[in-house]
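I opened the notebook for two look-ups today. One concerns a sheet, the other a single side chain and its surroundings.

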Amino acid sequence: MDEVRTAGPAAGARRAADFGGTAAVAVDGVGDARRALGAFLRARRGRVSPADVGLSGGRRRRVHGLRREELAQLAGISVDYYVRLEQGRSTQPSPEVLDALATALGLDAAERRHLATLAEARRGPGPTSRVGPVLQRILDGLAGMPAYAGNHRLDVVAWNALGSELLGGLADPRRRDRNNARFLFLDPASHEVFPEWEERAAEAVGQLRVAAGRYPQDLRLTGLVTELAERSARFREFWDAAGVVMCTAGRKRLRHPAVGVLSLDYETLHVPAAPGETGLVVHVFAPAPGGAAARALHRLAEAATTSAAAAV
C-alpha cells in the first residue's frame, strides 16, 4: 500500500503551530542562537563541583557548581572573555577554546558535538521533511517489527501497523498525540506505554535540545519547547538539566494492554535529507527470533489485523 501517512491535524499539533515562537515566556537554549551557547555553558558549569576538578569549595559558597572565574581558569581563557560567551556578547569561539571548555566541563562526545553546533550560530528557517511512498512501503514491509519515522521535532510522521499499535495508537489521532514529546509530558497514558518513563522523557528532551541547537530559527520547534515548558513542570526540570541525547540503538521496554511489557532491541536508521529538507530517523524494534517478545508481537499483530478488519 502506497498511502503516505502524516501527522494529521490533531489538536496538539495545531497548538504547537499556533505558538510559532510568539509565546509569552522565554526558554534558555531556544529562539536565540547568540544566547543558546551561553545557556548551555551556564547549565553545565552548574553541574561540576569544585572537588571534581581539584579546586577547594570553600565554606561560604553560594554558587552551585563552578564559578565563572574557576571555569575560565581551568580552560585557560580570560574571565572577561568567558563572561562574554555566557552572556551571548561573543560568538563563534575557536575550536581550541571550545575544546578547552569541553575538557574542563567533562563533556562527553555527544555534548562536545552539541557545543560545537551551538558555536556555529546557524541561521535559516526550520527545515521541512517529507515522507515518500518508498519509505512507507519499507515500513509496511517490516513484518513482525514495529517501526516509525520521526523528524527533529519528534513528530511521528510515518509508521507501520504494528508500530502504531505498540506505541499507543498512532493511526488514530484521538488516541494519542503524534508528537512524542507532547505525548510524554502532557498525556498520562504515556506512563503506561513506557514503563521507564523517566528515561524516555530525559531522552526526548535531550533530543529536542540537540535539534534546537541545530535549527535555532525553527519557529515550530521553539513553539513546542515553549509550550511544554509552560504546561509541564517536569519538562522544565529536564530542560534545565541541559541533557544532550543523540539517536542511537539499544533496548527499550514498552507496555501494551493486550500483551503486557515487552523488552525490545531497537535500531535507528537515518533517511538522507533532500535539498531544502531535513532527514528523518526511522526507529525499528527487532525482537529476538523465537523469543517471548516475538511471540507477543505476533499476537499483537493478529489482534490489530482483526480489529482493523472489524472496523471496515
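**Entry 1, the sheet.** I am working with a predicted model. I looked up the strand order first. Five strands form an open sheet, in the order β2-β1-β5-β4-β3, and the pairing is antiparallel. Which strands are at the edges? They are β2 (156-159) and β3 (250-256), and each of them pairs on one side only. I then checked the twist. From one strand to the next, the twist averages 35°.

**Entry 2, one pair of strands.** I picked β1 and β5. Strand β1 covers residues 147-150 and strand β5 covers residues 280-286. The two run antiparallel and are joined by four bridges. For the register, I noted that Ala-147 is opposite Val-284 in β5.

**Entry 3, a helix on the sheet.** I asked what α7 touches. Helix α7 (residues 133-140) packs on the sheet and touches β1, β2, β4 (260-271) and β5. The direction of α7 makes about 60° with that of β2.

**Entry 4, Arg-45.** I moved on to helix α2, residues 33-45, where Arg-45 lies. Is Arg-45 buried or exposed? Its relative accessibility is 9%, so I log Arg-45 as buried; the cut-off for buried is under 20%.

Next I looked for polar partners of Arg-45. Its side chain has a polar contact of 2.7 Å with the side chain of Glu-86. The Arg-45 side chain also reaches a backbone oxygen, that of Leu-66, at 2.8 Å.

Last, I checked a pair distant in sequence. Arg-45 and Leu-105 are 60 residues apart along the chain, yet 6.7 Å separates their C-alpha atoms.

Terms used:
Residues are numbered from 1 along each chain as its sequence is written. This is a predicted model: local features need pLDDT of at least 70, side-chain atom pairs count only at pLDDT 80 or more; totals for chains, interfaces and linings use all residues. Side-chain values use heavy atoms; hydrogens and water are left out. Buried means under 20% relative accessible area, exposed over 50%, partly exposed in between (1.4 Å probe, protein chains only). A polar contact is a pair of N or O atoms within 3.5 Å; within protein, one must be able to donate a hydrogen and the other to accept it, and residues adjacent in sequence count only if both atoms are side-chain atoms. Two strands pair if DSSP finds at least two bridges between them. Axes are lines fitted to C-alpha atoms, for helices over the stretch in contact, and angles run from 0 to 180 degrees between N-to-C directions. Contact means heavy atoms within 4.5 Å.
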